[in-house]
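Please open the structure in a viewer and keep the sequence beside it. The tour below proceeds by selection, and each stop states what is to be found there.

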Amino acid sequence: MINYSQQNIDEEDIEHVLNVLKSSFLTQGPQVSFFEEKIKEYVGVSFAFAMNSATSALHCACMALDVGPGDLVWTTPNSFVASANCALYCGATIDFVDIELDHYNICTNDLRKKLEKADSQGLLPKVLIPVHFAGHPADMQEIHRLSKQYGFYVIEDASHAIGAKLLTKLIPKSQKNAKSENEQSDEDHIGSCKYSDITIFSFHPVKIITTAEGGIATTNDPELAGKLNRLRSHGIGQTTAPATKMEEQPWRYEQVELGYNYRMSDVHASLGMSQLRKLDQFVLERNSLADYYDTKLEKSNLRLPKRAKNVVSSVHLYPVWFPSKEQKLGAFKRLLSENIKTNVHYIPIHLHPYYYNLGFRVGDFPKSEVHYERSLSIPLFPSLRLATIDRICEIIMEVTVE
Ligand SMILES: *Cc1c(COP(=O)(O)O)cnc(C)c1O
C-alpha cells in the first residue's frame with residue numbers, strides 16, 4: 001500500500017536509535033538537548049524545546065502566551081484540528097480566517113478585514129496561529145505587520161514546514177540599479193521566529209522528518225523560553241530557593257506553575273538527530289518529485305499546487321484540485337483499488353461535529369470548504385518511485401477524461 005506520505009528510515013537512523021537504547025538514558029539524558037541544539041542551529045533561533053508531539057507544543061505555546069478564558073485565538077479552517085484545539089485546551093474562544101486559493105494558506109486580505117471589524121467591536125484576538133499549509137510558507141511579513149498594528153501574538157503552526165524558507169532579496173546599495181544576477185539572496189528558515197513569537201514543528205511519521213511521535217517549539221524570547229521549558233515538564237523549573245535551603249535539602253525541586261509531562265524521550269530525539277542530517281536532501285527530493293508531477297499533469301484539467309518564487313516550500317503535500325467532487329471521489333476509489341491511498345487535507349476544522357456544536361456552520365468559510373470539496377493529496381515522499389507517479393498520473397488522467 002502506498003500512502004500519501006510516509007517516513008524515510010535508513011540503517012543510519014536505526015543504528016542511532018540502537019545506540020541510545022544501549023546507553024544509560026532512555027529519557028532526560030543528553031539526546032534531547034543535542035537535538036534541540038541542532039534544530040536551533042538549523043533554523044537560526046535562540047531557544048528550542050522538544051516535546052512528545054506538535055499538539056503538546058501548541059498547547060504549551062498557548063499557555064506560555066497566557067491564553068485563557070475570555071481570550072480569542074484565530075487560526076485557519078484548512079488545518080489539522082490540533083491547530084484550533086490548543087486554544088480550547090486553555091479555555092479560550094476559537095475563530096477562523098479563511099484561506100487564499102493560491103497556496104491554501106491564511107488569506108491576509110480576509111485577515112485584514114476581520115481585524116478591522118474586530119477592532120471596532122473590541123474583539124481583537126490575543127493570538128493568531130497561521131499554518132504553513134503543505135510546507136508552503138504563509139505571508140509572514142504581512143502577518144507580522146498586522147500583529148504589530150493590532151497587538152496580537154503569532155504562533156506559527158509549521159508542522160508541515162521544517163526545511164521551508166522565506167527568501168528576501170537584499171540588493172547592496174552600490175548595486176541598486178544592477179541586474180538581478182548581482183542581487184544577494186537572504187533566507188529565513190521557518191522556525192527562526194523572525195515574524196512570530198513561537199513556531200511549532202511536528203515530527204509525526206507523515207511529516208518531513210520524524211521522531212515517531214514528537215514536536216518542538218522555537219522562540220527568541222527568553223521569558224517565553226522559560227515558560228515553555230517548565231510547562232513541558234510539570235511546571236517544575238529552576239529552584240528559586242536560597243542557597244542555604246539547598247544545602248539543607250540538596251534533593252529539592254520546585255513546581256512553580258501547573259504543567260504537564262510533554263517531554264520528548266532520548267530514544268525519539270536520537271531518531272530526530274539522525275533524520276535532521278537528511279532534511280535538506282528530503283526537501284530537495286520532495287521539490288523535484290513535485291516538479292515531476294507538475295510536468296506529468298501539465299495537460300490535465302486539474303488545478304496543480306503552486307510554489308511562489310520568494311519561498312522554498314518543504315512540499316509536505318501535493319494537493320490537486322479536481323474539476324468536480326464526483327471526479328475526485330472517482331480518483332480516490334480507483335487509486336485505492338490499486339493500493340494507492342490518497343487523503344484530503346483538510347476537512348475544514350469548523351465542520352467537525354465538535355466545532356459544529358460550538359456554533360460554526362457550513363458556509364462560514366467558503367474557500368476552505370470548496371478546497372475540501374475539490375482537493376486530493378496524492379502520494380509524495382522521498383522514496384516514491386517515478387514509475388509509481390507515472391501510474392498515479394495515468395489513473396487520474398483516465399478518471400478526469402471519463
Ligand atoms: C500533524 C499536525 C499537527 C499535530 O502534530 P502532532 O505531532 O501529530 O501532534 C498540528 N498541526 C498540523 C497542521 C499538522 O499537520
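A polar contact is a pair of N or O atoms within 3.5 Å. With that cut-off in mind, select Tyr-346 together with the ligand: an N or O atom in the side chain of Tyr-346 is 3.1 Å from an oxygen atom of the ligand, and the pair therefore falls within the 3.5 Å limit. The model shown is a predicted one.

**The ligand and its surroundings**

Keep the ligand selected and add the side chain of His-160, where a polar atom lies 2.7 Å from an oxygen atom of the ligand. Next, add Asp-157; an N or O atom of its side chain is 2.8 Å from a nitrogen atom of the ligand. On its own, the ligand has 380 Å² of accessible area, and the protein covers 93% of this.

Which elements give two or more residues to the shell around the ligand? They are helix 3 (54-64) and helix 4 (82-89). In total, 15 residues surround the ligand, and the closest are Thr-55, Asp-157, His-160, Ser-202 and Lys-207. By type, the shell consists of five nonpolar, eight polar and two charged residues.

**His-189**

Now move to strand 7 (residues 184-189), where His-189 has its place. Is His-189 buried or exposed? Buried means under 20% relative accessible area, and His-189 counts as buried because its relative accessibility is 15%. Its side chain reaches the backbone oxygen of Tyr-42 at 3.3 Å. If neighbours within four places in sequence are left aside, His-189 is in contact with Tyr-42, Val-43, Gly-163, Ala-164 and Lys-165.

**Gly-214**

The next selection is Gly-214, in the loop between strand 8 (198-202) and strand 9 (215-219). With a relative accessibility of 2%, Gly-214 also counts as buried. Not counting residues up to four places away in sequence, Gly-214 touches several others, among them Met-51, Asn-52, Phe-201, His-204 and Met-264. Ser-202, listed among the residues closest to the ligand, is one of the residues that Gly-214 touches. To view a separation across the model, select the C-alpha atoms of Gly-214 and Gln-6: they are 15 Å apart, although these positions lie 208 residues apart along the chain.

**Salt bridges**

Side chains of opposite charge can pair when their charged atoms come close. How many salt bridges does a search of the whole structure find? The search finds 24.

Begin with Glu-12 and Lys-278, whose closest N and O atoms are 3.3 Å apart. This pair links distant parts of the chain: Glu-12 belongs to helix 1 (residues 11-21), whereas Lys-278 is in the loop between helix 9 (266-276) and helix 10 (279-296), 266 residues apart. Glu-12 is partly exposed at 34%, while Lys-278 counts as buried at 13%. Extend the selection to Asp-10, Asp-13 and Arg-277, which are linked with Glu-12 and Lys-278 in a network of salt bridges.

Then select Asp-188 and Lys-194, whose side chains meet in a salt bridge with an N to O distance of 3.2 Å. Asp-188 counts as buried at 12% relative accessibility; Lys-194, with a relative accessible area of 43%, is partly exposed.

The last stop is the salt bridge between the side chains of Arg-252 and Glu-254, at 2.6 Å from N to O. Here Arg-252 is partly exposed, at 23%, and Glu-254 counts as buried, at 13%.

Note on methods: Residues numbered from 1 in each chain as written. Predicted model: local features only at pLDDT ≥ 70, side-chain atom pairs only at ≥ 80, totals over all residues. Heavy atoms only, no water. Near = heavy atom within 4 Å. Polar contact = N/O pair within 3.5 Å; in protein donor to acceptor, adjacent residues only side chain to side chain. Areas by Shrake-Rupley, 256 points an atom, 1.4 Å probe, with all protein chains shown as cover. Helix = DSSP H or I, 4+ residues; strand = E, 2+ residues; numbered from the N terminus. Nonpolar A, V, L, I, M, F, W, Y, C, P; charged D, E, K, R; others polar. Buried < 20%, exposed > 50% of the residue type's maximum accessible area, 1.4 Å probe, protein only. Contact = heavy atoms within 4.5 Å. Salt bridge = Lys/Arg side-chain N within 4 Å of Asp/Glu carboxyl O.
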